[in-house]
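Reader: Hi! I have a new structure open and could use a friendly guide. Could you walk me through it?

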Amino acid sequence: MTAWPGAISAVTLFVEDLDVAKAFYQNAFGLPVHYEDEDSAVFKFGETLINLLKISAAHELIEPATVETSNTVHRSQFTLQVNDVDARCAELTSRGIELLNGPMDRPWGIRTASFKDPDGHIWEIAH
């Protein structure tokens, strides 16, 4: 029996334009698509799957809740550990990824930088 709670196996992010989102993730993270169909593209981050799902297909997963389509409201952030925040930032910006902030040293002792995907999902890199 698996302990509760276990590791997070998948995170589903609702996206407006699957082709744009998929291209962003391939460019920003240099990952191949792990699985895809007409409504989704899945990337593997270590043992966690990030599922980019078209908003039009998301409703059946979360009904009666609704999907927010505006990327002006940010309520979460995903953090990836890296060995060198500055080097990773240089790599990201060379790929056309615009940083929201950083690299910067945080008062709690880590160095971070953040960027967002085309649908407003915020990603942080940290060391």
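Author: Happy to help; we can go through a sheet, its helices, a charged residue and some aromatic rings. Keep in mind that this is a predicted model.

Reader: Good to know. What order do the strands of the open sheet come in?

Author: The order is 5-8-7-6, so to speak from one side to the other, and the pairing is mixed.

Reader: And which are the edge strands?

Author: Strand 5 (77-81) and strand 6 (99-105) are the edges, each pairing on one side only. From one strand to the next, the twist averages 20°.

Reader: How do strand 7 and strand 8 pair?

Author: In the antiparallel sense, over five bridges; strand 7 covers residues 111-116 and strand 8 covers residues 122-126. If you want a spot to look at, find lysine 116, which stands opposite isoleucine 122 in strand 8.

Reader: Found it, thanks. Which strands does helix 1 touch?

Author: Helix 1 (residues 18-29) packs on the sheet and touches strand 5, strand 7 and strand 8. Its direction makes about 155° with that of strand 7.

Reader: What about helix 3, where does that lie?

Author: Helix 3 (residues 85-94) lies across strand 6, strand 7 and strand 8, and runs at about 20° to strand 7.

Reader: Changing topic: is glutamate 124 buried or exposed?

Author: Glutamate 124, which sits in strand 8, is buried and yet has no salt bridge.

Reader: Why no salt bridge?

Author: The nearest side chain of opposite charge is arginine 106, 4.7 Å away. A salt bridge has to be within 4 Å, so this pair does not count.

Reader: Which residues is glutamate 124 in contact with, then?

Author: Leaving aside neighbours within four places in sequence, its contacts are Gln77, Phe78, Thr79, Leu80, Thr112, Ala113 and Ser114.

Reader: Now the rings. How many aromatic pairs does the structure hold?

Author: Ten. One of them joins phenylalanine 29 and phenylalanine 45 edge-to-face, at 5.0 Å centre to centre with 75° between the planes.

Reader: Where are those two in the chain?

Author: Phenylalanine 29 is in helix 1 and phenylalanine 45 is in strand 3 (residues 40-45), 16 residues apart, so the pair links distant parts of the chain.

Reader: Why does phenylalanine 29 count as buried?

Author: Because its relative accessibility is 19%, and buried means under 20%. Phenylalanine 45 is buried too, with a relative accessible area of 15%.

Reader: Last one: which residues form the aromatic cluster?

Author: Phe24, Tyr25, Phe29, Phe43, Phe45, Phe78, Phe115 and Trp123 form one cluster.

Key: Residues numbered from 1 in each chain as written. Predicted model: local features only at pLDDT ≥ 70, side-chain atom pairs only at ≥ 80, totals over all residues. Heavy atoms only, no water. Pairing = 2+ DSSP bridges. Helix = DSSP H or I, 4+ residues; strand = E, 2+ residues; numbered from the N terminus. Axes fitted to C-alpha atoms, helices over the stretch in contact; angles between N-to-C directions. Contact = heavy atoms within 4.5 Å. Buried < 20%, exposed > 50% of the residue type's maximum accessible area, 1.4 Å probe, protein only. Lys, Arg positive; Asp, Glu negative; His and termini not counted. Phe/Tyr/Trp six-rings, centres within 6.5 Å; stacked < 30°, edge-to-face > 60°.
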